[in-house]
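Student: I should like a close look at a single part of this model, namely the surroundings of one bound ligand. Please describe the contacts first and then set them in their wider context.

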Amino acid sequence: MKVIVPVKRVPDTAGDKVIDADTKTMDRDAGETVLCPVNEFAIEEAVKLKEATGAEVTVLLIGPDGAQSTIRKALSYGLDGAIQVTDDAISGSDALGTARVIAAALADVEFDVVIFGNQSTDARTSLVPAAVAELLDLPSLTYARFMEIDGDAITVHREHEEGWDVVESTLPAVVSVVEAINEPRYPNFKGIMAAKSKPLDVKSLADLGVDAAAVGAGDAAATMYAFEPRPPKAAGTIVTDDGSGSAADDLADWMEEQKFI
Amino acid sequence: MTDYTPPLRDIRFVLDHVVDLDRLATLDDYAHVDGDLVMGLLDEAGRFTASALAPANRDGDTIGATLHDGEVTTPDSWKKAYDDYVAAGWGALQHPAAYGGGDFPLVVANAFKEMMTAANMAFALGPLLTTGAVYAMLHHASDELQQTWLPRMVSGEWAGTMNLTEPQAGSDVGALTTRAERVEDGTYRITGQKIYITYGEHDLTDQIVHLVLARLPDAPEGTKGISLFLVPKFLLDEDGQPAERNDVTCVSIEHKVGIHASPTCVMAYGEDGDGAVGWLVGEEHDGMRAMFTMMNDARLQVGLQGLAIAERAHQQAADYARERRQGTAPGAERGTQSPIVDHPDVRRMLLDSKARIEAMRVLTYANAMAIDLADALDGDEAAHWQKVADLYTPLSKAWCTDLGVEVASTAIQVHGGMGYVEETGVAQHWRDARIAPIYEGTNGIQALDLVGRKLGYDGGEFVPSHLASLRDDVADDRDELASTMAGVAAGLDVLEETTTWLLEHRADLRDVFAGATPYLRLFATVVAGTLLARGASAALDQVEAGVDVDFHRAKLTTARYFAEQVVPEVHALAPRVTATARDLFALDPDQLG
Ligand SMILES: Cc1cc2nc3c(=O)[nH]c(=O)nc-3n(C[C@H](O)[C@H](O)[C@H](O)COP(=O)(O)OP(=O)(O)OC[C@H]3O[C@@H](n4cnc5c(N)ncnc54)[C@H](O)[C@@H]3O)c2cc1C
Ligand SMILES: Cc1cc2nc3c(=O)[nH]c(=O)nc-3n(C[C@H](O)[C@H](O)[C@H](O)COP(=O)(O)OP(=O)(O)OC[C@H]3O[C@@H](n4cnc5c(N)ncnc54)[C@H](O)[C@@H]3O)c2cc1C
């Protein structure tokens, strides 16, 4: 079985995001960057397939040279190799543009299943997995909180507000997973060392036959008009008791006001 | 619960600029050690310790280890943490590739161990003993024993222990009476009782490999009649899997001041029959040599515990001091409460702790580096570095564990009343730290090792010549370093004078032993000072080159503080080194209290 895990480099979730005022895009070179934490769940699912069936797992990353440490990090979980698509023209792509590049890269390789994280921690659109499936005309099984492959059939439990649906399809297919699906392991130190020597195939848009005009900021369907930093947290309400037990009433009033009760 | 932030930049600074990690890469054994790879590994290792081990530290204290019917149970969070530890493989970093290790130098493994211990000292103590057992076996066990036992000990799947202590044989190991009998098939039967055995029994692994010191029937008296045996909890079946239970049981566990989840066991060998089945490690009557291999590693690791626990407690104190408001600091607006970090006296506590932590780190890392160089070099050079390592080991063990307790106590002080209340968790570090000056040879025994054994190397010439070589580190004549260099150089003068005095009075054992503990403290303070001075020179180079200026300026400051305000403690210590035993023995034992 062949598995592809697309991964993304994102700003460290603990740090502040830096957005360039002119281009209104994220400055990915400012501050620490990490492998998107949601990808770790997709990787864990792929590693489990590898352990169970000997699946060959390839990482796919769309991004500049500077993102190679993210690829190595992903490989350190014991994955087999990586494809990187890098091209200045990709910069500024929206979710759809990114999906076009990923779809083109996937069209070039053999696979049975593609496992995405359901969203990235920086943009949180959740659009890319479904868009890629649509572009490749493949079944789209998103928001999986459970997945199981049996022969060329796949079953996932698709999470939603009321619970989950059981969704089945044939392979090849595109899956996106939510964090409830597993508990990612820590990379093993030998895996970290081995990641250095895993094959990495670097491709440009031309290699994939993608028209540079179809991606990037210029062609984006989504336009960013304005952005604003998150307002600072307002001070909390402090309820003090005057000794008569008044705090209990005050608290109850407040909770009613906030529609908690 | 509090977080632990692995001090990766500080560690990298020491590896790059104080112990010169790059030098190792020029030696055949360590050609694969490149700085960026090492830092990449340590970065991930740090993340592991902070997120997988640190959160279980509180459970360790509040739930602890419990004993029922000979079985010891650790907190649930510990089993998960231990499984993660084995899966991530960090315990194998410094062991030979032949047994599944990473062939990394000790100095790199120790950086990991510093972080593991800071995250969760009682947890890290288990792997510490396993590592010591692996070393003893690598150097002394037969090929067959190595093949059978080492791979799963290197990975951490099986744990190791170290069994020296008996009720009448603590510091005096030679007094032990556990018996071993030869059996025709070449194995041995072990009978006797050991006390205070760390991780003697637990539920973290499905095998425990005990290394036990015992006496054969025809053994000479004292330490020359001790042999070392491997006694597993379970005998192995034909497939090499743990099967039948060996006659080893945990009869009780101690109720302790700290490290509550590290079970400290009374172990009974051969209670039910003819003795527990054991295999000889090394030669008969030569067990102390193997035990020393194990202890030397363990002594440095225990020194690291002092560093690690100090770092952890200090991080918590520094965080608290930035949050807590109390009083108006000089210069602050009247009527406002300042964060206590703005009070000079709180600054004093924090900077003093920080400087001592950095001093412990340079000393323990230089100690590990000396061991690595002794391993990787040949001939005279190897012999030289072995002597440096032997000299630094008692310093690391005793000085760092004393400072660990002191810094943890200061961290409580910074917290005020909240420090004495268990809820904040800072008191746990102090309670945990308190064992380290006691086990692995009390700090008093370390001081005796320093003056009784190490000072005598090369007929008394080694230490003075080593001290002379340390002058190179205080020779930087740039203005900005003037008081740093002068402060440490003055300390070196005092260390040389007291060393000369001790060498001259070698014949008067009682006088020399009377001054041993203050001498060890003086010695370690000065050696750490020279290493910090070396770091300061490098930090100034970086500042001048415009690299991470704030970070490197801070290094200049801590080194200067240490040289100006800590090293002068040697002037108070020197009279205690040379006082002789006169007053100590002027009183009868009854008059002492
Ligand atoms: C939590 C814990 C874990 C331990 N883990 C292990 C373990 O895993 N394996 C193991 O074998 N042991 C273990 N020990 C035992 C430990 O190593 C001993 O407690 C230690 O060696 C001291 O021995 P003792 O307790 O008998 O003290 P004693 O030897 O009675 O010492 C009492 C005091 O006298 C001093 N003293 C003793 N002899 C001399 C001397 N010749 N000169 C000067 N001063 C002297 C000591 O420095 C000390 O201050 C552990 C102990 C504890 C508390
Ligand atoms: C077991 C226990 C029993 C107690 N019993 C009583 C009792 O019976 N009655 C009672 O009234 N109180 C009692 N206390 C309270 C005790 O007196 C306070 O805890 C103590 O005064 C310290 O105050 P704090 O805890 O608020 O610490 P903080 O004042 O917050 O001090 C924290 C740290 O900041 C330093 N610091 C604070 N202000 C300054 C400053 N201006 N300049 C320099 N450094 C500063 C302190 O030295 C300390 O190191 C008790 C506390 C404990 C833990």
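Tutor: In this predicted model, a side-chain N or O atom of B:His343 lies 3.5 Å from a nitrogen atom of ligand 2. Two further polar contacts involve the backbone: an oxygen atom of ligand 2 is 2.7 Å from a backbone N or O atom of B:Gln413, and a polar backbone atom of B:Gly417 lies 2.7 Å from an oxygen atom of ligand 2. On its own, ligand 2 has 960 Å² of accessible area, of which the protein covers 42%. Three helices of chain B, namely H10 (344-376), H11 (379-414) and H12 (417-420), give two or more residues each to the shell around ligand 2.

The residues around ligand 2 include B:Arg324, B:Gln326, B:Ile340, B:Val346 and B:Met349. Also among them are B:Val414, B:Gly416 and B:Tyr420. By class, this shell holds five nonpolar residues, five polar residues and one charged residue.

Ligand 1 offers a second site for consideration. Its shell consists of 18 residues, and the closest are B:Thr165, B:Ser171, B:Tyr196, B:Thr198 and B:Thr442. A nitrogen atom of ligand 1 is 2.6 Å from a polar side-chain atom of B:Thr165, and a polar side-chain atom of B:Thr198 lies 2.6 Å from a nitrogen atom of ligand 1. The backbone takes part as well, with a polar backbone atom of B:Leu164 located 2.8 Å from an oxygen atom of ligand 1. Taken alone, ligand 1 exposes 970 Å², and the protein buries 62% of that area.

The shell around ligand 1 comprises nine nonpolar, seven polar and two charged residues. In chain B, strand E3 (159-163), strand E5 (188-198) and helix H14 (443-453) each supply at least two of its residues, and the largest share, three residues, comes from E5 of chain B. Ligand 1 lies between domain 2 (159-285) and domain 3 (442-593) of chain B, because both domains give residues to its shell.

Chain B also meets chain A. Twelve residues of chain A are in contact with 20 residues of chain B. About 1200 Å² is buried between chain A and chain B, and carbon and sulfur atoms give 61% of this area. On the chain A side, A:Tyr186, A:Phe189 and A:Met193 lose the most area to chain B, together accounting for 51% of what that side buries.

Notes:
Residues numbered from 1 in each chain as written. Chains lettered and ligands numbered in written order. Predicted model: local features only at pLDDT ≥ 70, side-chain atom pairs only at ≥ 80, totals over all residues. Heavy atoms only, no water. Near = heavy atom within 4 Å. Polar contact = N/O pair within 3.5 Å; in protein donor to acceptor, adjacent residues only side chain to side chain. Areas by Shrake-Rupley, 256 points an atom, 1.4 Å probe, with all protein chains shown as cover. Helix = DSSP H or I, 4+ residues; strand = E, 2+ residues; numbered from the N terminus. Nonpolar A, V, L, I, M, F, W, Y, C, P; charged D, E, K, R; others polar. Domains from an automatic or database assignment. Contact = heavy atoms within 4.5 Å. Buried area = accessible area lost by both parts, 1.4 Å probe.
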